[in-house]
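Visitor: Could you take me through one part of this protein up close? I'd like to hear about the open sheet and what sits around it.

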Amino acid sequence: MHILIAPNAFKNSLTAGEAAAAIQRGLTRSRLTASTECFPVADGGDGTGDLLIQRLRGQRISAQAHDPLGRPIAAEFGLLPSHTAIIEMATASGIRLLNRAELNPLHATSAGTGDLIRAALDHLDRATDHLIPAGLDHHARATPNHPARRIIIGMGGSATVDGGTGILRALGASFLNTHGQPLDDLPAQLPDLDSIDLSDLDPRLAATELIVLCDVTNPLTGPQGAATVFGPQKGASPAAILQLESGLQKFAQIILRQTGIDLASLPRTGTAGGAAAGLHGLLQARLVSGIDYFLKLTNFESALDDANYVITGEGGIDQSTLRGKAPFGVATHAKARGIPVIALTGRMPRNPAPLRPYFDEIICINPQPLPLREALALTAANLERAAQDWADRLASTH
C-alpha cells in the first residue's frame, strides 16, 4: 500500500511541509504497513512560492525591496532554468511583516512586490536578452517566435487592498487626478483617480508572461469583493472599507475606459486586495487557479500513479474549500483516478454533504473543542495522532 500525503498549510500553525511531515510521522507509528510520500501543496496563498522553488529546485535570489509601509527590507525570489522567476507576494507585501498595530490597508502598499518583479527582470535579462526583439513597446505581446520571460506570482497573504497600484508604480506606472497630478497616497486617494499613465512602464514587461496564482475566486468589487471581504482581516475599519471599495470601483472604471477590460465582476480579480485586477487590466497578467497551476507545474499526476490513498487537509474544511482551495484541487485530481481521499482539518464543516463527493472521510484532528491558541500550538501533535488513528483503523480492516 502506498499513501500520498498532500496537505496545504495549516494557517498560523504549520507550513504545508511541516503538516505533511507530521502526518507521515503518525502513519509511521501506526500498525499499517505502507509506503508514504510527502507532497505538500499550495494554492497561491502564503507559502506557494517557497514550495514551488523547493519542488522545482529553483535558485533563491536575494533582493532589496520595501515592506507594506515603505520600509527597506531584504527579500528573496526564485529563479528556474526555464527563464522563469517565482515571486511570493507575501515576502515583501505580506501581512506577516506587520504587527497588529501597523495594519492599515488605506496606506499599505504592494510596491515591494513590484521591486521584486523588477529585480527578477534584471536577472532574467541575462538569459533572454538575445530573444527579445528590439523596439518592443509595452503594448506588444510575446509570440511563439519571441519567447517570453515568465514570472509566476503567488499572491496570497498580502497586507494590502491597493489594487496592485503599488506594484504598478514600482514598475513605472503613474496614477493621476483630474489635474494630471500624481496620486502619491494610494490606495487612500484612489477615489480621485482620473487617468493612468503607462508611458514610463518598464518595457521589458512587453515580452514577459505574468501568471498570477489565485487562491480565491472573489471579484474586485461588490459584496464579495476585495475591500468588503478581505479588508477587515487586514485591519480596515468600516469607514476604511467604504473608502477602499470606492477607490477600487474608480480604478476599475478608469481601466475599462482606457483598455476596454471590465474588471469589476471578473472572477479572481479580488485576489490579494485586488492586485490581481491591476496586473490583469494593465499588464495582461493571466489569472489562474493557484492549486490547478501548482499541481500541473509540479507534476502531481505522476505522484498519483502508485497511490492507494491520498491524505490532504488544511486548517478549515468547509464549503469555501470547493471554491478552488488546495484540498479541493488535490481531491479532484485523486478522485478522477478513483483514489480515496482523506481530509484532516482543525475545523469540521457544519454541513459536510456538499464535500462528500470529493472527500471519503473528513477527520477533525482536535480530540475535543479547544481554545484557538491551544489548538494552534497542538496542531502538529494532533495531526500525528489523527493520522495514526486513521491508519490503525485501516490496518484493522486489511
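Guide: Here is a walk through the open sheet, followed by a look at the nonpolar cores. Keep in mind that this is a predicted model.

The open sheet has 5 strands, paired in parallel and ordered E2-E1-E11-E12-E13. Strands of a sheet pair through backbone hydrogen bonds, either parallel or antiparallel. At the edges stand strand E2 (35-38) and strand E13 (361-364); each has a single partner strand, so one side of each is left without a neighbour in the sheet. Going from one strand to the next, the twist averages 20°.

Now zoom in on the E2 end. Strand E1 (residues 2-5) runs parallel to E2, and 4 bridges join the two. If you want a spot to click on, try Ile5, whose bridge partner in E2 is Cys38.

Then there's the helix that goes with this sheet. Helix H13 (residues 379-396) lies across E1, strand E11 (309-316), strand E12 (341-347) and E13. Against E13, H13 runs at about 140°.

On to the cores. The largest nonpolar core has 61 residues, and the ones touching the most other members are Phe77, Ile117, Ile151, Met155, Ile196 and Phe251. Helix H7 (residues 238-259) gives the most to this core, with 8 residues. Take Ile151 as a sample: leaving out residues up to four places away in sequence, Ile151 touches a list of residues including Ala85, Ile87, Ile117, Leu121 and Leu210. There's also a second, separate core of 35 residues, with Ile152, Phe294, Leu295 and Phe300 among them.

Terms used. Residues numbered from 1 in each chain as written. Predicted model: local features only at pLDDT ≥ 70, side-chain atom pairs only at ≥ 80, totals over all residues. Heavy atoms only, no water. Core = buried A, V, L, I, M, F, W, Y, C linked by side-chain atoms within 4.5 Å. Buried < 20%, exposed > 50% of the residue type's maximum accessible area, 1.4 Å probe, protein only. Contact = heavy atoms within 4.5 Å. Pairing = 2+ DSSP bridges. Axes fitted to C-alpha atoms, helices over the stretch in contact; angles between N-to-C directions.
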